[in-house]
Amino acid sequence: MAARRRKKQETTKIQPKRARNLSPGTVAYTGKKTTTVTQLDIIDYSKEHYDRFETHNIEDAFKYEDSTHITWINVNGLSNTDDIVTLGNHFDLHPLIQEDIVTTNQRPKIDEYEEYLFIVFKMLHYDDAEQLTNEHVSLVMGKDYVLTFQEAEGDVFGDLRERLAHGRGRIRTAGADYLMFAILDAIVDNYFTVIEFLSNKVELLEDKLFDDKEDPNITEEIQDLKKEILKIRKAVVPLREVVNRLEKIETPLIEERTNKYIRDLYDHIIQVNESVEIYRDMIWGLMDMYMTTISNKMNEVMKVLTIMASIFIPLTFMAGIYGMNFDHIPELHFKYGYYYLWGAMILVFFGMLWYFKRKKWL
């Protein structure tokens, strides 16, 4: 356990909140996931058209200028800030937007501009080691395009890409605003998966608390759960404000029919928030439950010791009397006095056991 703590201390480094001493609008990556090259996943589609390819060349994204098509450009890797600036300048993104794209500690938010909307949110998932991963994702939605920026490869948009590829649902017939909704919907749906996984971890930990086998690592597991629920809460709670504001924004970029889906998305994020608060209270109560369980076990031990001491007090008293070095103790000269004393002590022993059981102290 001590080695595990030392390992965690060695690998845990305090990251700067944001790049210091830089002017506003400076594009400086503050995350930990660095990549050698920026990878683009580009999907260009309409009702009758679909095209997808991956590239490392930023300029390949500039050839999709057909206003009758919707283009989704997903950027994997934020450490190469020159590529982010090149792409941002092409789509005329404000320098502050470009700065927020690579500022990974940015809380979920939405900014409204005349030509586009900018949204920041967090993508949560558990890795193979059952560790919670919190990834910074940014989205820019224009009239006929959507840009998404991720720190590294791997996301929760696999089903969405399948729907686009096979033309399932209404997504190929809708505009960029519906694609924006579909991306946010995939993020929120994955929150339910994360919460379900967290629920299983809480239930397993509760079973451990009431198990007879003592686990020396249980307090550390509770602390890890507390950190996980705080990460989830920091990602989910602000997104509620984002979706609420998105529903109320009056912009020609969002059609009225898409607002209906955004309202439904708001209901889902409310449900996620409620679930997070419930499990937050449960996790906060696990330590109290653990301390209560330990206290109850200690009380059981103390009760047994107290009962045993109470039984042997009169026996010790009797043995003490006949162990005194006086010459004139009448019973010392009885022929069977030794056996009488043993019999009396055994009767007292079983008599006290019967009394304690009758009182339900045993």
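**Exercise 1. The hairpin**

Find how many residues the hairpin uses to join β1 to β2, and state the sense in which the two strands pair.

*Solution.*
- Start with the connection: four residues link β1 to β2 in a hairpin.
- Then take the pairing. In this predicted model, β1 covers residues 39–45 and β2 covers residues 50–55. They run antiparallel, with six bridges between them.
- Check the register. Asp41 faces Glu54 in β2. Ile42 stands opposite Phe53 in β2.

**Exercise 2. The sheet**

Write down the strand order of the open sheet, and name its edge strands.

*Solution.*
- Trace the order across the sheet: β2-β1-β3-β7-β6-β5-β4. That is seven strands, in mixed pairing.
- Look for strands that pair on one side only. These edge strands are β2 and β4 (109–112).
- Add the twist, which averages 15° from one strand to the next.

**Exercise 3. Helices on the sheet**

Which strands does helix α3 touch, and which strands does helix α5 lie across?

*Solution.*
- Take α3, residues 95–102. This helix packs on the sheet and touches β4, β5 (117–126), β6 (132–141) and β7.
- Get its direction: about 160° to that of β6.
- Now take α5, residues 176–209. The strands beneath α5 are β1, β3 (70–76), β5, β6 and β7.
- Get the direction of α5: about 30° to β5.

**Exercise 4. A helix pair**

Describe how the axes of α6 and α7 are placed: are the helices roughly parallel or roughly antiparallel?

*Solution.*
- Two packed helices are described by an angle and a distance between their axes.
- Locate the pair: α6 spans residues 218–248, and α7 spans residues 256–321.
- Read the distance: the axes come within 9 Å.
- Read the angle: the axes cross at roughly 160°.
- Angles over 145 degrees count as roughly antiparallel, so α6 is roughly antiparallel to α7.
- Finish with the hand: the crossing of α6 and α7 is left-handed.

**Exercise 5. Domains**

How far apart are the C-alpha centres of domain 1 and domain 2?

*Solution.*
- Set the bounds: domain 1 is 39–292, and domain 2 is 300–359.
- Read the separation of their C-alpha centres: 74 Å.

**Exercise 6. Confidence**

Which element has the lowest mean pLDDT, and which the highest?

*Solution.*
- Begin with the whole chain. Its mean pLDDT is 84, and 93% of its residues reach 70 or more.
- Compare the elements. Helix α1 (residues 2–11) is lowest, at 41. Strand β7 (residues 145–150) is highest, at 94.
- Inspect residues 1–18: pLDDT stays under 50 there. The model has 13 contacts beyond four places in sequence for these residues.
- Draw the consequence: where pLDDT is low, predicted coordinates should not be read in detail.

Conventions
Residues numbered from 1 in each chain as written. Predicted model: local features only at pLDDT ≥ 70, side-chain atom pairs only at ≥ 80, totals over all residues. Heavy atoms only, no water. Pairing = 2+ DSSP bridges. pLDDT = per-residue confidence, 0-100. Contact = heavy atoms within 4.5 Å. Domains from an automatic or database assignment. Axes fitted to C-alpha atoms, helices over the stretch in contact; angles between N-to-C directions. Parallel < 35°, antiparallel > 145°, perpendicular 65-115°, else oblique. Left-handed = near helix turned anticlockwise from the far one by under 90°.
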